[in-house]
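The following questions ask how each term applied to the model is justified. Each answer sets a value against its definition.

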Amino acid sequence: MEAFYSVDTLQKFCTELLLGAGVPGGQAETVAAVLMDTSLDGIDTHGISRLPVYLTRLQSGRINARPNIETVITAPAMAVMDGDNGLGQLVAVQAMNKAMALARETGAGVVTARHSNHFGAATYYCKMAAGAGMIGMAFTNSPPGIPPWGGRKPYFGTNPVSFGFPTADIPVVVDMSSSTVARGNIILAAKEGRPIPAGWAIDADGKPTTDAQKALAGAVLPLGGAKGYALALAVEMLSGVVSGAAYGHHVGWIYDNSREPTDVGHFFIAINIEPLMPFGEYVTRVEQMKSEIRSIPPAEGFDRILLPGERKKVKADTRMKEGIPLSGALIGELNEIAASLGVDILSA
């Protein structure tokens with residue numbers, strides 16, 4: 001049974017839970033804001049639904065509630081950040097801010113981050129750059145989920161790639177995993193006891209499965225076969241190898257019982273458009289391209305052509321008015337943790 005909650009209510013509740021788990025005030029608000037924005041966009045697999053495992057790992061000490069996130073290497077237009085095993089959202093926000101600061105100075109900024117954790121949906125960080133009038137790119141590795149093409153055991157994460165482009169209104173944001181589906185969809189299906197569609201995953205024996213639990217014990221299939229495998233490898237090179245973070249099967253998974261840090265790695269790029277062309281000219285060209293795309297007659301079964309990011313904006317506008325839906329199971333999880341932390345529970 002779902003219940004709907006306003007953004008203000010959930011922002012306050014999530015912030016208080018993070019504070020209760022030891023995250024300092026401003027940082028708790030930042031993480032809650034990222035989760036809220038993600039859920040508003042309708043990316044429920046990477047938004048508030050991830051908060052219970054974050055809180056549990058903060059309480060156990062597997063994630064550092066008070067990290068000293070610092071820049072450990074700098075070079076012209078480049079930097080390396082050490083996340084000190086902090087929440088991935090905190091590390092990613094600081095890293096993208098650093099990339100944008102470098103881009104303002106030199107035209108482009110490249111920032112890698114190591115010793116981090118799951119950072120949620122990459123969309124948020126690309127929207128940060130687009131909102132500042134820059135092109136943003138965000139990449140991250142993740143625990144083994146995709147087998148190398150032809151293999152039956154996972155090695156690469158579902159390793160998303162994301163791009164954000166400013167426009168006159170809604171940013172164009174491309175965000176997709178290198179797997180057929182983000183693993184979060186399978187985690188959510190397993191939690192809710194639902195089957196998954198055929199073609200998403202294989203079990204531990206390398207056989208196709210629609211059982212979410214067996215899929216989690218097996219592997220998610222790469223997007224487009226060998227192409228998705230190659231894309232996952234490229235993201236692993238950038239986010240894991242180049243950053244100095246863990247890579248491949250060395251990346252930890254916060255859903256298991258290990259106490260070792262996950263050491264997730266990220267890779268961010270911010271590009272200042274002004275050195276390439278006047279920003280006004282860029283916007284004019286983008287708007288013309290958008291107009292030309294929308295003028296193409298829709299194919300059978302489609303009412304209109306949407307640009308990447310528009311569907312999320314429509315969803316966000318709806319949820320701002322109607323509230324964000326949370327499942328009864330998730331509410332129960334969050335309220336159980338709230339009670340243990342002395343935080344007021346979320347009422348239906």
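Q: Where is Asp263 found, and why is Asp263 called buried?
A: In this predicted model, Asp263 is found in the loop between helix H8 (226–241) and strand S11 (264–272). Helices (H or I, at least four residues) and strands (E, at least two) are DSSP runs, numbered from the N terminus. The relative accessible area of Asp263 is 17%, and buried means under 20% (exposed is over 50%, partly exposed in between; 1.4 Å probe, protein chains only). Asp263 is therefore buried.

Q: What makes the phi of Asp263 notable?
A: Phi of Asp263 is near 55 degrees, a positive value in a residue other than glycine. Most residues other than glycine have a negative phi. Ala77 also has a positive phi, near 70 degrees, and its place is in the loop between strand S2 (70–75) and strand S3 (78–82).

Q: How do you know that S5 is mostly covered?
A: Strand S5 (residues 134–140) has seven buried residues out of seven. In a regular strand the side chains alternate between the two faces of the sheet. On one side of S5 lie Met134, Gly136, Ala138 and Thr140, and on the other Ile135, Met137 and Phe139; all are buried, and both faces are covered.

Q: Why are S5 and S11 said to pair?
A: Two strands pair if DSSP finds at least two bridges between them. S5 and S11 have seven bridges, in the antiparallel sense, and therefore they pair. Ile135 has Ile271 of S11 as its bridge partner. With strand S6 (residues 161–165), S5 forms four antiparallel bridges, and there Met137 is matched with Phe163.

Q: How do you know which strands are the edge strands of the sheet with the order S9-S8-S10?
A: This open sheet of three strands has antiparallel pairing. Strand S9 (208–209) and strand S10 (219–220) each pair on one side only, and these are the edge strands. Strand S8 (residues 201–202) and S10 are joined over two bridges in the antiparallel sense, which meets the requirement for pairing. Val220 of S10 is the bridge partner of Ala201.

Q: What makes a set of residues the largest nonpolar core?
A: A nonpolar core is a set of buried Ala, Val, Leu, Ile, Met, Phe, Trp, Tyr and Cys residues joined through side-chain atoms within 4.5 Å. The largest such set has 63 residues, and Leu18 and Tyr125 have the most contacts inside it. Helix H4 (residues 88–106) gives the most to this core, with 10 residues.

Q: With which residues is Tyr125 in contact, leaving aside its neighbours within four places in sequence?
A: Contact means heavy atoms within 4.5 Å. By that criterion the partners of Tyr125 are Val34, Gly88, Gln89, Ala92, Val93, Met96, Phe119, Ala138 and Phe268.

Q: Why is the space lined by Thr45 and Tyr255 called a cavity?
A: On a 1 Å grid over the protein atoms alone, a cavity is a set of points where a 1.4 Å probe fits but cannot get out, whereas a pocket is an open set with protein on both sides within 12 Å along at least five of seven lines; lining residues have an atom within 4 Å of a point. A search of the whole structure finds two cavities of 30 Å³ or more. The largest has a volume of about 50 Å³, a volume being the space filled by probe spheres set on the points, joined across faces, edges and corners. Its lining comprises Thr45, Ser49, Arg50, Gly184, Ile187, Leu188, Lys191 and Tyr255.

Q: How is the lining of the largest cavity divided by class?
A: It has three nonpolar, three polar and two charged residues. Ala, Val, Leu, Ile, Met, Phe, Trp, Tyr, Cys and Pro count as nonpolar, Asp, Glu, Lys and Arg as charged, and the others, Gly among them, as polar. The second largest cavity, with about 30 Å³ of space, has five nonpolar, no polar and four charged residues in its lining.

Q: What makes up the lining of the largest pocket?
A: The largest pocket holds about 600 Å³ of space. Of its 34 lining residues, His46, Arg50, His118, Gly120 and Ala182 lie nearest its centre. Strand S7 (172–176), helix H6 (183–192) and helix H10 (310–322) are the elements that give two or more residues to this lining. By class, the lining has 13 nonpolar, 14 polar and seven charged residues.

Q: What conventions apply to these values?
A: Residues are numbered from 1 along each chain as its sequence is written, and side-chain values use heavy atoms, with hydrogens and water left out. As this is a predicted model, local features need pLDDT of at least 70 and side-chain atom pairs count only at pLDDT 80 or more, while totals for chains, interfaces and linings use all residues.
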